[in-house]
Amino acid sequence: MPVNATLATYSDWLYNSAVGVYLFATFLYVYEQAFGRAPVKAKERDLVVAGGAGEAWKPGLVVPTKPQRPRAERFGRMAVALTLLGVLFHVSALVLRGVATGRAPWGNMYEYGALLTLAAVVTFVVLMRSFPIRRLGGFVLTPVVILMFLGGTALYAPAAPVQPALQSYWLVIHVSVISISTGMLLVPGVASLLYLVKSANDRKPESFAKLASKLPAADTLDRLAYRSTVLAFPLFTIGIMFGAIWAEAAWGRFWGWDPKETVAFVSWVVYAAYLHARATAGWRGAGAAWINTLGFLLTVFNLFFINLVTAGLHSYAGVG
């Protein structure tokens, strides 16, 4: 099928627009993180509400209007709106890339990274509805913007049909599942890193005082990392299983200890150990966070070093 150059160009424009919007949103998240008020503890908030409710109204007393939100909070809300706009551009870029090429739009490193980063941003947006983590947007979007910038420059590949080895329906199934699950694991990786910062400051006050005071509670970061990993890990497992089935169909064996297979398996073992450790009372906290951070670093290593440096059966970077 010939490539539709016009749609491919529009896809590239939307991808670049998404990077720009995410970058602007990152600045706004960082502003809120730096200049916003420290989170109020539940007990303190209840005392403030109780004190306000007990104050009697007197005749002639001017009832104050609803105070305007602080600038930092308004910037944070603007950042969320921009993030949603970036997601819209991001999705549109992938859809147009797929229509332009007539295939699943994740056949090279550029497209794979686009899907992975989209999964990371969507995961963060969804989790914001359940956790008070808006201020973490800068920490999540920073690696997303870096990955997308590298994808759109050093790893960019023009829209084209995939090489024969990837012309299989397993490209749609295996690569999409493993890419989405890897992107989802970016969020708990960031949460675990910030948990370690928060817990280090709790042990030695003033070590990360300025940063830690603006972060969510350590318990919130711990639950965020755990629950998001619980969601991503089954998908990651299924992706590895689908990869083994595709390997048997393509190469006549389910497993051959190819570099990418090996690192993916090690990552799976690390995440399985994290979930086990987190479910065990004696390993909650910093110990489990270190394990989750190791898993995150392994997935980044597998994404870049294995695809771009080592030679193996999975060397389909497609770098133009």
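# A tour from Glu 73 to helix H9

Select Glu 73 to begin: its relative accessible area is 25%, so Glu 73 counts as partly exposed. Buried means under 20% relative accessible area, exposed means over 50%, and partly exposed lies in between (1.4 Å probe, protein chains only).

Some ground rules apply at every stop. The model is predicted, so local features need pLDDT of at least 70 and side-chain atom pairs count only at pLDDT 80 or more, while totals for chains, interfaces and linings use all residues. Residues are numbered from 1 along each chain as its sequence is written, and side-chain values use heavy atoms, with hydrogens and water left out.

**Whole chain**

Show the protein chain as a cartoon. It has ten helices and zero strands, in the order α-α-α-α-α-α-α-α-α-α along the sequence. Helices (H or I, at least four residues) and strands (E, at least two) are DSSP runs, numbered from the N terminus. Of the 320 residues, 47% count as buried. Among contacts with a separation of 6 or more, 81% join residues 24 or more positions apart; contact means heavy atoms within 4.5 Å. Switch to a surface view: the accessible surface is about 16400 Å², and 69% of it belongs to carbon and sulfur atoms. Accessible areas come from the Shrake-Rupley method with a 1.4 Å probe; for residues, only the protein chains shown count as cover.

**Salt bridges**

Return to Glu 73 and add Arg 77. Their side chains meet in a salt bridge, 3.6 Å from N to O. A salt bridge is a side-chain nitrogen of Lys or Arg within 4 Å of a carboxyl oxygen of Asp or Glu. Both residues lie in helix H3, four residues apart, about one turn of the helix. An α-helix has 3.6 residues a turn, so residues three or four places apart point the same way. Arg 77, at 41% relative accessibility, is partly exposed.

The structure holds seven salt bridges. Another one joins Arg 223 and Asp 219, at 3.1 Å from N to O. These two are four residues apart in helix H8 (residues 218-251), so about one helical turn separates them. Arg 223 is partly exposed at 26% relative accessibility, and Asp 219 is partly exposed at 47%.

Now select Glu 111 and Arg 103. Are the partners of this pair buried or exposed? Glu 111 has 1% relative accessibility and counts as buried; Arg 103 has 15% and also counts as buried. Their side chains meet in a salt bridge at 2.8 Å, N to O. Add Asp 12 and Arg 97 to the selection to see the network of salt bridges that links them with Arg 103 and Glu 111.

**Two buried residues in H1 and H3**

Select Val 21, in helix H1 (residues 5-35). At 13% relative accessibility, Val 21 counts as buried. Setting aside residues up to four places away in sequence, Val 21 touches Leu 82, Leu 85, Gly 86 and Phe 89. Ala 79 is 58 residues from Val 21 along the chain, yet their C-alpha atoms are separated by 9.3 Å.

Go to His 90, in helix H3 (residues 71-101). His 90 is buried, at 0% relative accessibility. What does its side chain reach at 2.8 Å? The partner is the backbone oxygen of Ala 114. A polar contact is a pair of N or O atoms within 3.5 Å; within protein, one must be able to donate a hydrogen and the other to accept it, and residues adjacent in sequence count only if both atoms are side-chain atoms. Beyond its neighbours within four places in sequence, His 90 is in contact with Ala 18, Tyr 22, Ala 114, Thr 117, Leu 118 and Met 148.

**Helix H5**

Follow the contact to Met 148, one of the buried residues of H5; the others include Gly 137, Val 140, Leu 141 and Val 144. The 16 residues of H5 (residues 137-152) should span 22 Å at 1.5 Å a residue, and the end C-alpha atoms are 22 Å apart, which agrees. The expected span of a helix is 1.5 Å times one less than its number of residues.

**Helix H9 and a nonpolar patch**

Finish at H9. It has 21 residues and reaches 30 Å from first C-alpha to last, close to the 30 Å expected at 1.5 Å a residue. Its buried residues include Lys 260, Glu 261, Tyr 271, Tyr 274 and Arg 278. Phe 265 also lies in H9 (residues 259-279) but is partly exposed, at 36% relative accessibility. With Trp 257, Val 266 and Val 269, Phe 265 makes a nonpolar surface patch of about 370 Å². Patches are made of residues with over 30% relative accessible area and no salt bridge: like charges are joined within 9 Å, nonpolar side chains (Val, Leu, Ile, Met, Phe, Trp, Tyr) within 5 Å.
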